[in-house]
Amino acid sequence: MAGLAAAFGSGAMTNPISDIEKSDVILITGSNTTENHPVLSTYIKRVASFTDTKLIVVDPRRIPITRFATIWMRQTLGTDVAWINGMMHIIIKEGLYDREYVEFRTEGFEELRATVEQYTPERVEKITGIPKDQLVEAAHLYAQANAASIFYAMGITQHITGTDNVKSLANLAMLCGNVGIEGGGVNPLRGQNNVQGACDMGGLPNVYTGYQKIDDPSVRNRMEKAWGVEKLPDKVGATVTGMMQMAHSGDLKALYIIGENPMVSDPDLNHAEDAIKNLDFLVVQDIFLTETARMANVVLPSAAFAEKDGTFTNTERKVQRVRRAVKPPGDAREDWKIISDLADKMGYPMRYGNARDIMREIAEVTPSYHGITYDRIEVDGIYWPCLSMDHPGTPRLHEEQFSRGLGLFHAVEYIPPDELPDSEYPLYLTTGRILYHYHTGTMTMKSEGLNALAPECFVEISQEDALYYKIKDNDMLNVASRRGSIKARAKISSQAQKGAIFIPFHYAEAAANRLTNAALDPVAKIPEYKVCAVRIEKI
Amino acid sequence: MEPQNIININGIDYSFTPGETILEVATRNDIYIPTLCYLKGMSPTGVCRICLVEVEGVKTLLASCSTQATPGMVVKTDTPAVINARRMNIELLLASGDHNCLARSLDAGLWTDFQLDALDIEEHRDLCPAYGDCRLQDLAILYRVKPDHVVPVNPKYDVEDVNPFIVRDFSRCILCGRCVQVCNEIQVNKVISFGYRGATSKIITRGDRALKDSDCVFCGECLQVCPVGALMPKQDMALRTPVNEMKKVRTTCSYCGVGCQIYLHVKDNRIERVTGVEGTSPNLGSLCVKGRFGYDFVAHPERLTTPLIKKDGEFHEATWDEALDLVAKRMNDIKRDFGPDSIGLFTSARITNEENYLAQKFIRAVIGTNNIDHCARL
């Protein structure tokens, strides 16, 4: 998100999902689309199967969507900046870029040109393993499309170079005039139902709602008035990973966790566990007694999505209604009620009759949600920015100009992952989700049916590596990194790349995040879940 | 609009766009033509022969879903010939398989031993599980197809229920092809197709294997479009809640960021089924396996039902006042002793916008720190 915000001025998906039907070329990278965004993937599968739209997939694993690809490039893990720079090298060298767009709508092109000059197809092949002819073919296909869109997910962002990777994709899109047009864009796919909304609502250490900066005094004054407080804090707060560090060092004393399970989802879990144990006071508010909730001093039972009214904002920035269908069990309460009750007790009255009242306040203090009311989204949602009651919403961003004015190219150099295989830990490990489970499994592992289809953790390994290590299907393996080890069964698969294993991170009893590296992207503070070095042995 | 692009239906002229079918023109103008296999937006298969109409100058009746409107065409949708043909086709479909919903008025003597035995099998213990929610049954009632014409036949196939979600009963399949269309053209999973020939025609996976041994990813799109009882959610087989006893609530799916629009079908404060909302973006009725079937967690017995306070390493149940008083006190103490920046909050990508808004308002206005974040990065 930081990468897109730097390039365009906004970190959200630029185009609506339905624009997939208007693209001539679609480039997917770092997204196992069919398993993680299954319904969105149906749009892509349809256009790739039944229209002239061409699909380029760049992914180390032979994920199911590769079956629909015109070109599938299989890069070595963590080398994304190199192949993207390589494509731009070819596009600039052959004069295939959109000169007019670059001249009138962007800045920083000369620096970009100088940097990508070094990324010849030959050099890129050495770094990424992508054959140079294939890279040339992909560059031609992407550059010559009238409208080409890019889709990416955590496979791009969960690297120490995550921000660089995103900036590079933004570079590529702008270079070919693909931002702000129908069927184009750079589209991050949000993994959780309301990641977009949590960001929009200011669930971030540096912004209030609608990305209004907390260190801008005029914004802060306005919020102080709206909330009736004398002084709001002006110092940018700590991120999730920052707070974990602070807990570890003793600087953070109390932590209030709502609906998250860092004891499965955080990188380098052993470290995270120590951090949480070091807190003086932990409150966890959730629908189940999760691994994290077990460590809490106080657990507050909350209502699930089907038990409350409200809104979610989806990956394409569309604000949609959530409606109560059943009553919460026992004394469980909606999260908004719990928070307002607690605020009351701490001397700050929060008196809302219902979720609609809260949305009214959100619209008041948030320019991009100004025109959003429950009445307007009763039947169909609205895309923000929606600036007034008669504003129709904005399905497509950056059409006339970028949110920041001119689009900014960033000259980005390739940096290898923080941890590379060596003689002691000779294999790459990458992690992700599978179709039948979701994140830490708090919800999906309560479903007998889903469990029956995906009962336990596995280690996806290539035929070549299996032969080398004399491993058969279903053999129990010990997988170890510098940070920890887990046990899981081998699954020999043509999806896996030679030299790289894949483990889904859902399973607490064989948590892949005991292995992963907590090294962070310096800007976005996202951990490098997608690459680390491991060794395996048969037990 | 070209002036000659006019079609006459039941005596009234309507304009049409070249390429439009008779059915599309009729539907657009609120003229009812019954359909069964027709799926909006898909290439018509014309196999069920229910949407037949009479077209002047054409000897046979035509399927309106697959016949394009042409200039000067004169169409009648409800002549005796049309109605008789539809009635006969409905009878043939009813007679083609194990459609026992209309068998109630039959003599018990007409029931075969096989059927009586079948009642002991769980999946057959009552009438067809689609009873009350079946397009074929609706049509049979609408066209007053007499039950005594339709003698139930022995189920030809065993019921396949070896996967957790979808029960397939080919004895009730009318081979309309809707499931094949959506699997191949909407979800593009290409798992099922028409197999065998003639009287042994059947919808099959590659090698006619069970769904669980095929490439099926259990999106359930086929379930949603099956007009009869051939494909049923396994959950429904167990619960047997009549459709009209369920309340339908539209909401947004709580799994990935696509934000599919769903209906929760609820009875007695319990979700019994999830279906996609048709005709609305982003999902246009489609869902995935998690969205359609992964709702057990809501009513799971392990749900937290009361606040818990830990004393000496053990959780004890508490009232809301006890729990929140304790949280308020500890937060105030820590804020006083170590400053507001010694407190942090992880908000959630799972809760609503309204709740996220209050969470950040709480940490900023009440605690006085910007230490708030969520797992967007994780």
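How many salt bridges does the rule count over all chains? The count comes to 43. The model on the screen is a predicted one, and the tour below visits several of these salt bridges among other features.

**Stop 1: chain A and its domains**

Colour chain A by its domain assignment: domain 1 covers residues 2-189, domain 2 covers 195-383 and domain 3 covers 427-538. Next, display domain 2 and domain 3 of chain A alone. Their C-alpha centres are 30 Å apart, and 16 residues of domain 2 of chain A are in contact with 20 residues of domain 3 of chain A. Between these two domains about 1,400 Å² is buried, with carbon and sulfur atoms giving 63% of that area. Select Val264(A), Pro267(A) and Asp268(A): together they supply 35% of the area that domain 2 of chain A buries against domain 3 of chain A, more than any other three residues.

**Stop 2: helix 15 of chain A**

Select residues 269-277, which form helix 15 of chain A. Within this helix, Lys277(A) and Glu273(A) lie 4 residues apart, about one turn of the helix. Their side chains meet in a salt bridge, with a distance of 3.2 Å from N to O. Now add Arg514(A), which also forms a salt bridge with Glu273(A); here the closest N and O atoms are 3.7 Å apart. Across the interface of domain 2 and domain 3 of chain A, the rule finds 1 salt bridge, and the count of residue pairs in polar contact is 10. On the side of domain 2 of chain A that touches domain 3 of chain A, helix 14 (262-265) and helix 15 are the elements that give two or more residues. Helix 15 of chain A provides the largest share, 3 residues. By class, that side has 5 nonpolar, 6 polar and 5 charged residues.

**Stop 3: a sheet in chain A**

Select strands 10, 11 and 12 of chain A, which form an open sheet in the order 10-11-12 with antiparallel pairing. Strand 10 (310-313) and strand 12 (382-383) each have a single partner strand, so one side of each is left without a neighbour in the sheet. Strand 10 of chain A pairs with strand 11 (residues 318-322) over 4 bridges. To see one position of this pairing, display Thr313(A), which stands opposite Val319(A).

**Stop 4: where chain A meets chain B**

Display both chains. Here 152 residues of chain A are in contact with 108 residues of chain B. The two chains bury about 11,100 Å² between them, 65% of it on carbon and sulfur atoms. Across this interface the rule finds 6 salt bridges. To view a salt bridge between the chains, select Glu355(B) and Lys308(A), whose closest N and O atoms are 2.8 Å apart. Strands also pair between the chains: strand 7 (residues 254-258) of chain A and strand 15 (residues 343-346) of chain B do so in the parallel sense, over 4 bridges. In this pairing, Ile257(A) stands opposite Phe346(B).

**Stop 5: chain B**

Colour chain B by domain: domain 1 (6-78), domain 2 (98-299) and domain 3 (308-377). The C-alpha centres of domain 1 and domain 3 of chain B lie 63 Å apart. Finally, select strand 13 (residues 308-311) and strand 14 (residues 314-317) of chain B, which run antiparallel and are joined by 4 bridges. Lys311(B) has Glu314(B) as its bridge partner. The hairpin of these strands has 2 residues between them, and Asp312(B) takes a positive phi near 50°.

Terms used:
Residues are numbered from 1 along each chain as its sequence is written. Chains are lettered from A and ligands numbered from 1 in the order in which they are written. This is a predicted model: local features need pLDDT of at least 70, side-chain atom pairs count only at pLDDT 80 or more; totals for chains, interfaces and linings use all residues. Side-chain values use heavy atoms; hydrogens and water are left out. Contact means heavy atoms within 4.5 Å. Buried area is the accessible area (1.4 Å probe) that two parts lose on being put together, summed over both. A salt bridge is a side-chain nitrogen of Lys or Arg within 4 Å of a carboxyl oxygen of Asp or Glu. Two strands pair if DSSP finds at least two bridges between them. Domain bounds come from an automatic or database domain assignment. A polar contact is a pair of N or O atoms within 3.5 Å; within protein, one must be able to donate a hydrogen and the other to accept it, and residues adjacent in sequence count only if both atoms are side-chain atoms. Ala, Val, Leu, Ile, Met, Phe, Trp, Tyr, Cys and Pro count as nonpolar, Asp, Glu, Lys and Arg as charged, and the others, Gly among them, as polar.
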